[in-house]
Amino acid sequence: MVSAETEKKNGETEPAQNAPEEPSSSVPSEIPILPTGDMVIFPRMILPLLVKQENLVKMIEDLIVGDRILGTVLLRQPEVEEVKPENLYSIGTASIIHKMVKMFDGGIRLLVQGLERVQIQRFSTETPYFRAAVEILEDRIEEGEHEEIAALMVNIRNMFQRIMELSPHLPSELGAMLTSVEEPGSLADLLSANLNIPLTDKQEILETLSVLDRLKKVLVKLNQQLEVLELGNKIQSQVKEGIDKSQREYFLREQLKAIQKELGEKDERTVEIEELRERLEKAGLPEGAMKEALRELDRLASMPPAAAEYTVARTYLEWLIELPWNLSTEDNLDISAAKEVLDEDHYNLEKLKKRVIEYLAVRQLKKDMKGPILCFVGPPGTGKTSLGQSIARALGRKFMRISLGGVRDEAEIRGHRRTYVGALPGRIIQGIRRVGFNNPVFMLDEIDKLGMDFRGDPSSALLEVLDPEQNFSFSDHYLDVEFDLSRVMFIATANILDTIPPALLDRMEVLNLPGYTEEEKLGIARKYLIPRQIREHGIREDQLRIEDEAVKAIIRGYTREAGLRNLEREIATICRGVARKVVEGHYESITIRSEDLHEYLGAIKFIFEAAERTAEPGVATGLAWTPAGGDILFVEATRMPGKQNLTLTGSLGEIMKESAQAALSYIRSRSQELDIPEDIFSKNDIHIHVPAGAIPKDGPSAGVTIFTALVSLLTDRPVRSDIAMTGEITLRGLVLPVGGIKEKVLAAHRAGLRQVILPRRNEKDLEDIPETVKKDMTFHFVDRMSELVNLSLRRDGAVSAEVTNGNRKERP
């Protein structure tokens, strides 16, 4: 393998030259092959080469006494140690040696000229060097291509002239050489040899026999190189302008300093530093923060304003100055006034209001009490965020809310270190600066939806924020000084607790907002939702009246939720319909009754189907907890001839599947006590299905429902239509307690079910149930699964209460 050796003169690279006339030597049918690693030689081009390998030196020595013609062929992979025929391209150039000079190290310098394109037909010998039979390849110009070729040559010459203007490294004689070449194929070869393009592109041009196609490829490469050169020239001009401008500003600034010195005035930079120092003294920074601020101010004073770090240091000092280190709002400790504000903004929620009033009472006794850290947990639309706003209004504090849903970067909480471009403090410090006081009510919304990835764990960063024993010295990465968060009242909100890390949950006082009863929703709609929607739709109070029965019908038939969002949407829909009628002039005042709802809201969306679903044996009504509140679910069981197989469907989780297995095993072990024929299991398959199959379901509380559905199926006794149940079961027949009792009972009440079976150890949880719901319902507490049979299954001739669209009626 050989390499190109280019002679340099006055700092310029000598180009590959075009021969002034056609070489007279003819190419033999078999010639030696010289592999080249870093160049492609084109016909009629003259280039210097350097040969060092022993076998190739011998080839040159053999040639110099003969016709001196050899083939130069590009290697596919120049880095290969042992060159083989398959490593070479098949098309190269037959070249003639014009000069040869032996070097002291044994190498040879050559000056070769390309003669013709040749294609290797076969290799005759491979040692000591390659010899191959070759075929000469002629340029092709088709009929009718001459005009297009002429136009291409003009464009190529003009474009290359522009390239030479932008490329000082190209010698001036190359332009003259370009003008003297008249043959189109030679023009393309000359330009290809001198263009700074990859070797593979040069080889592709060498292999292109059509002169028209070869010129087109060269034009594309020229255009690409011209674009790069023009962009580089533009960048260079911009940089030069920037340097010139900076130098001019420097000289003017120095002159201004001299003038100001003569006049006894101070320059802008000195004034700015003194102003920052004065603001720092007034900001009331703690000792540690003040020490760091003064150190940074001294650094700023020694920096030129044009320095990259000048803006970073200035921004950092602005953050330190603008933080409310000692600025607090005065708490409103009047308990009766605070209670009035809370009652004005929120209906019921007595447990949460009681907690706020207790905090105010303790604040009256202990002025330096640390702020509480609360966590409101409940379904969407239960008023968690608005309750935080009411607490701030009752206390007379500023309110700040940030949403943590989807936050995955620890820097969102702790901030970025100042070494990063565009660094900022975390959202906690940003919020404190925005409200301007160091004791706001700070709401961390959707804390259960925090994420975690390679950028860190935000929930771990919150451990310091939400710990009263640590947050008095909270350190943000950007500030790098301690800031006291102990006066802040933090309130977090969540829909569920399962996704909150235990360590973080341990730092918060959890207060549940499980949802609202029908009576509570009616009161909230009458006091808050309806007046607000009337105002927002531009309707006067005397133009719209919605009767209580109509509101109840909306709650029962058009919404089934723990919160109030859908209820408010339906009321807004009615307001829009009324606004249209008022604008059209049909009515002056409208009263909405239950029978009018279909006109505004359409068909009823939810119906009470418990009676219909449980009319046949094998269907039981269960109670489930969801992040959106409680809900009812139906468990269906059926049997068919088979061989003791149990099929479970309905997107059930592993725990529910195990509950089904346990229920069936218990029934088989107690078949005589339950009056179930023993052969029914051996001759039948059983299929258990929980409808709404697209929704994943799991948890232990469906155990008693699955057991009741199976007993109902196997004894052919329907389940009572007015009863729902929840509880975990064991193989020994025990009924164990479960969670979410309040949400489940409220779901049963919303669905019109007035009797609920609960584990006896959940009896204590009834304290959280509103009195209006407890008075309207009957609760049965059980210890063992055997007690469920008589409570839940109908007897022959017994009367069962059926619920249809919320109205109770008797059915035999």
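## Helix pairs, cores and loops

Helix H3 and helix H4 cross in a left-handed way. Please keep in mind as you look at them that this is a predicted model. H3 covers residues 173-180 and H4 covers residues 184-194, and their axes come within 10 Å and cross at roughly 160°. An angle over 145 degrees counts as roughly antiparallel, so H3 is roughly antiparallel to H4. To see where the two helices meet, pick out Leu174, Met177 and Leu178 on H3; their partners on H4 are Leu187, Leu190, Leu191 and Asn194. Sorted by class, this contact of H3 with H4 has six nonpolar residues, one polar residue and no charged ones.

Let's move along the chain to helix H17, which has two packing partners to look at here. Two packed helices are described by the angle between their axes and the distance between the axes. For H17 (residues 518-536) and H18 (residues 548-557), the axes come within 10 Å and the crossing angle is roughly 115°. This crossing is right-handed. On the H17 side the contact uses Glu518, Glu519, Lys521, Leu522, Ala525, Arg526 and Ile530, while H18 brings Asp548, Val551, Lys552, Ile555 and Arg556. Here the count is seven charged residues, five nonpolar and no polar.

The second partner of H17 is helix H19 (residues 565-584), which packs against H17 at an angle of about 45°, with the axes 10 Å apart. That angle makes the pair oblique. H17 and H19 also have a right-handed crossing. From H17, the residues to highlight are Lys521, Ala525, Leu529, Ile530, Arg532, Gln533 and Ile534; they meet Leu567, Glu568, Ile571, Ala572 and Cys575 of H19. By class, eight residues of the contact between H17 and H19 are nonpolar, one is polar and three are charged.

Now for the interior. The largest nonpolar core has 54 residues, and within this core Leu444 and Ile447 touch the most other members. Helix H9 (residues 308-322) supplies the largest share of the core, seven residues. Ile447 is a good place to zoom in: beyond residues up to four places away in sequence, Ile447 touches Leu404, Leu462, Leu466, Ala492, Thr493, Ala494, Ile500, Leu504 and Met508. Apart from this core lies another one, of 51 residues, which includes Leu387, Leu522, Val578 and Leu597.

A charged side chain is worth a visit too. Glu464 belongs to helix H15 (residues 458-465). Is Glu464 buried or exposed? Its relative accessibility is 13%, and buried means under 20%, so Glu464 counts as buried. Setting aside neighbours within four places in sequence, Glu464 is in contact with Arg414, Gln470, Asn471, Ser473, Phe474 and Ser475.

Some loops deserve a look at their backbone. Most residues other than glycine have a negative phi, and most peptide bonds are trans. Arg44, in the loop between strand S5 (30-36) and strand S6 (45-51), has a positive phi near 70°. Arg44 is buried, with a relative accessible area of 9%. Ser651 also has a positive phi, near 55°, and sits in the loop between strand S22 (646-649) and helix H22 (654-669). With a relative accessible area of 34%, Ser651 is partly exposed. As for the peptide bond itself, Thr127 and Pro128 are joined by a cis bond, with omega about -5°. You will find Pro128 in the loop between strand S9 (108-125) and strand S10 (131-137).

Finally, two distances help with orientation. Arg670 lies in the loop between H22 and helix H23 (679-682) and is partly exposed, at 25% relative accessible area. Arg670 and Gly733 are 63 residues apart along the chain, and their C-alpha atoms are separated by 9.6 Å. Then turn to Val65, in the loop between helix H1 (54-64) and strand S7 (69-74), which is exposed at 71% relative accessible area. How far apart in space are Val65 and Ile757? From C-alpha to C-alpha the separation is 113 Å, and in sequence Val65 and Ile757 are 692 residues apart.

Definitions and conventions
Residues numbered from 1 in each chain as written. Predicted model: local features only at pLDDT ≥ 70, side-chain atom pairs only at ≥ 80, totals over all residues. Heavy atoms only, no water. Axes fitted to C-alpha atoms, helices over the stretch in contact; angles between N-to-C directions. Helix = DSSP H or I, 4+ residues; strand = E, 2+ residues; numbered from the N terminus. Parallel < 35°, antiparallel > 145°, perpendicular 65-115°, else oblique. Left-handed = near helix turned anticlockwise from the far one by under 90°. Contact = heavy atoms within 4.5 Å. Nonpolar A, V, L, I, M, F, W, Y, C, P; charged D, E, K, R; others polar. Core = buried A, V, L, I, M, F, W, Y, C linked by side-chain atoms within 4.5 Å. Buried < 20%, exposed > 50% of the residue type's maximum accessible area, 1.4 Å probe, protein only.
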